[in-house]
Every structure is written in structure tokens, then in C-alpha cells.
Amino acid sequence: MARPQDVDRIFAALDDFRIEIPSWGFANTGTRFGKFSQAAAATCIEEKFADAAEVNRLTGVVPTLALHVLWDLPRGTDDVGKIKQMESSTGIRAGSINPNLFQEPEYKFGSLCNPDAKVREKALQHVLDSVEIGKALGAAEVSLWLSDGSNYPGSQSMRRRIGWLKEALQQTHVALGPDQTLLVEYKPFEPAFYHTDIADWGMALELARAAGPQAKVLVDTGHHYQSTNIEQIVAWLLELGALGGFHFNDRKYADDDLTLGSIDPYQIFRIFHEIHFERFRKPARPMPAFMIDQSHNLKGKVEAMVQTIVTAQELFAKAALIDQDTLAELQDSCRLVEAEELFRSAFWTDVRPALREWREQRGLAADPLAALRASGYVERTAGERGEKNRASQSAYA
Ligand code: LRH
Ligand code: MN
């Protein structure tokens, strides 16, 4: 149970905590082995915004929805008006703009790194269109992930692909508006299984730096080899002022896109500790963008999203309990067990009663998951959307 003096810390942290949810988290998705369609799944952008509004009604901390351009704005800038209508009807604003450079046949051998200059041009144009969509929507981030890579040694030139990639990101940076950030996301493998052009934080950092000051690194927690010390990468990126944001999810094996904290909650806690340490040292520095990037193949989509946000709030609140001055004193005097016990006891503190109180004081449901079940929202949307979902066996999201 959190001590009374802890409650202020928890409340202060929760007041600053905001997290973005992905439109694709509400749509029917699957794996290469199958897709288990859900009747209540969102089938169009209107329903994705409606689900996001329901999640925000219940939690109060998700003001923005990440959009994937080809999935959510298939007509590009011509769909901006439609998105703005939904922003005003739901109160949810468009969040990060994610270009799609991984599903069209032209991108078989890559997009920005494709040996064919015409394909690179097409890919760059899509990124530049995404930048313009971001400007038109006043969205802060353009979030770039490339599936680019190869499957066989010797089959592609990794050096020439680096050159093409640097050029494209520099051209993208020139096109950014003054308040826009380009997020460079890395991933070690999948769908490429020999080399991936942006495979780790070092490559993403060098590409961001070469592009310009508005380019930062995005850390997707599912994009690391087993036993990678992710919080150390976060510490380094914070030290370098190069951390732009996170895609939070969880995994047991690879990029499993499971719900945050479902496999290793201590991992997210350790990452949040680095964030709180940065806030403690440099309170003026803006927080990196917190975003969820999950696909809910088995859990109910809205239920999984609410569960994810509640878990993220709990872990962020736990990490806020660490007294940075005391911990620094114990660390620097190498009182190892005392330092570790201070660190661990924060993780083991049950912050849920304080969170319920924080929510109630802000007119929110004390238990958002229970409130979702009581609302009948999922049953209602299943009724409205069931027929469409049965009919449509669409592509990925
Ligand atoms: C790639 C990724 C990327 C998104 C996609 C939905 O694995 O993490 O951030 O574009 O998932
Ligand atoms: Mn991601």
C-alpha cells in the first residue's frame, strides 16, 4: 500500500502521464497462421476514433490516436477533412502519422533502400505526403518504420542502401514543419531475416543525427534481441537528447506485440525509472512520446487497450515512488542491497488504491475495466459491426 507521502508523488506523475493508442489496435488483425475476426472490431476510421473516445472516456489519458496512412487515410491529404470531422465529433486528436512502406508489391526489395531509384522516389513521395498530412492535422510526430532488408547474404549491398536511406531521411527532414519531429524506429528482424536496414538503436541514432535536429529515435520495446538491456539504451538516448518516443508492448520471444506488462512488467518499470530520473534532472525537458503499438489477436480490442493503459499508469506510478536523491546516495556509496531494495520496494508497492482515488477525484471511473464491462459498449458495437466484420476478411489492419 502506498504511504500518504507517496500519494502526492503518484498524483503528480499521473497528472503528467499521457499515452497514445494505435488505430490498428482496434481492427481485426492476425498472424500468418490465421486471423480470428471479432464482431466488435473497428472496420473503418470512424469506428477506430469511436473506440479511442471510449477508451479516453474511461481512462482520461489518451488524447491522441496514431494513424497509419494507407490504412486510415487511403486518399492521403484528401482524407484530412474527414479526420478533422472525427476529431471534432470525438474529441480525440490525430496523433503520430505512420507511413506505410511495407505492403505494396513495389517494396518487395525495399522502399527507401530499394536498389531501383524509381521505387525509392515513390517511397520518399509517400513519406513527404505523410509529412504534409501531419502538418495539415497539426500532428507532432511522423513515425517511420521500414521493413527494408534482405534474406540472403550477398543478395543486397548494405553499404549502398545506407547511402540511399541517409539521403531520403535528409530530404524528409528538410520538409518537416518547425514543430514536427521525425521518429526513426529500429527493428532487428522480421519481415527481413538476414539484414534489416535500420536494425538497432545505433543505426537509428546515426540516421537521425545525419537527417537533422528534428529527427529522434523511437524505441519499440518489442524490437530487441532477447536479454538486451533496453533501459540502458533508453538511458543513452536520454543522455544524448535523441529519445523521441516509445512503442510500448510486451513479448516472450520476438516482436510478439502482446499487451504491455503481460510478460515482464519489471521491464517497463525499469524503463519508466529512467524517464523519471530524466524528469527529476531536467524537469523542463519535454517527455518523450508514449505510444502503444500492439495487435490484439485474441483479447477483446477495446478491453485490451483499457487494460494496457491501466497497467502503464500503474507501472509509471510505481516508478515515480523512487526517491531519486536517496537512491543516488545509496548507489554512489555502493550500498548495493539498500539501493536495490529501495528500487524493488517501489515496484512491489500496490499503487492501485491511489490510482482509484486519482481517477475518482477527476470524475473518471475508479476501475476503467469494470466500467467498460458495465457500459455494454463492446456488446453494442458487436451488434452494430458484426455483419460487416463477418463479411470483410480484409488485409492486415
Ligand atoms: C513494426 C511496427 C511498426 C508499425 C507496425 C504496425 O513491427 O512496430 O511500428 O508500423 O508495427
Ligand atoms: Mn512499432
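**Exercise 1. Which helices and strands each supply at least two residues of the lining of the second largest pocket?**

*Solution.* The model is predicted, so local features need pLDDT of at least 70 and side-chain atom pairs count only at pLDDT 80 or more, whereas totals for chains, interfaces and linings use all residues. Residues are numbered from 1 along each chain as its sequence is written, and side-chain values use heavy atoms, with hydrogens and water left out.

Step 1. Fix the terms. On a 1 Å grid over the protein atoms alone, a pocket is an open set of points with protein on both sides within 12 Å along at least five of seven lines, and a lining residue has an atom within 4 Å of a point. Helices (H or I, at least four residues) and strands (E, at least two) are DSSP runs, numbered from the N terminus.

Step 2. Identify the elements. They are β5 (93-98), α8 (230-239), β11 (243-248) and β12 (289-292). The largest share, four residues, comes from β5.

Step 3. Describe the pocket. The second largest pocket has a volume of about 660 Å³. Of its 30 lining residues, Glu141, Gly244, Met287, Pro288 and Ala289 are the closest to its centre. By class, 14 residues of this lining are nonpolar, seven are polar and nine are charged.

**Exercise 2. Determine which residues line the largest cavity, and classify them.**

*Solution.* Step 1. A cavity is a set of grid points where a 1.4 Å probe fits but cannot get out. Its volume is the space filled by probe spheres set on the points, which are joined across faces, edges and corners.

Step 2. The count comes to one cavity of 30 Å³ or more. About 40 Å³ of space lies in the largest cavity.

Step 3. The lining consists of Ile275, Glu278, Arg279, Lys282, Arg285, Pro286, Met287 and Pro288. It divides into four nonpolar, no polar and four charged residues.

**Exercise 3. Establish the surroundings of Asp220.**

*Solution.* Step 1. Asp220 is found in strand β10 (residues 215-220).

Step 2. Asp220 is buried, where buried means under 20% relative accessible area, exposed over 50% and partly exposed in between (1.4 Å probe, protein chains only).

Step 3. Asp220 has no salt bridge, a term for a side-chain nitrogen of Lys or Arg within 4 Å of a carboxyl oxygen of Asp or Glu. The nearest side chain of opposite charge, Lys187, is 7.3 Å away.

Step 4. The side chain of Asp220 reaches the backbone nitrogen of Gly222 at 2.9 Å.

**Exercise 4. Explain which parts of the chain are tied together by the salt bridge of Arg9 and Asp323, and examine further salt bridges.**

*Solution.* Step 1. The structure holds 29 salt bridges. In one of them, the side chains of Arg9 and Asp323 meet at 3.2 Å, N to O. Because Arg9 lies in helix α1 (residues 4-16) and Asp323 in the loop between α10 (301-320) and α11 (324-332), the pair ties together parts 314 residues apart in sequence. Arg9 is partly exposed at 31% relative accessibility, and Asp323 is partly exposed at 28%.

Step 2. Arg279 forms a salt bridge with Asp16, the closest N and O atoms being 3.2 Å apart. Here helix α9 (residues 265-281), with Arg279, is linked to helix α1, with Asp16, over 263 residues. Arg279 is partly exposed at 21%, as is Asp16 at 43%. Arg279 also lines the largest cavity.

Step 3. Lys82 and Glu46 meet in a salt bridge at 3.9 Å, N to O. Lys82 lies in helix α4 (residues 80-90) and Glu46 in helix α2 (residues 45-59), so the pair ties together parts 36 residues apart in sequence.

Technical notes: Chains are lettered from A and ligands numbered from 1 in the order in which they are written. Ala, Val, Leu, Ile, Met, Phe, Trp, Tyr, Cys and Pro count as nonpolar, Asp, Glu, Lys and Arg as charged, and the others, Gly among them, as polar. Lys and Arg count as positive and Asp and Glu as negative; His and the chain ends are not counted. A polar contact is a pair of N or O atoms within 3.5 Å; within protein, one must be able to donate a hydrogen and the other to accept it, and residues adjacent in sequence count only if both atoms are side-chain atoms.
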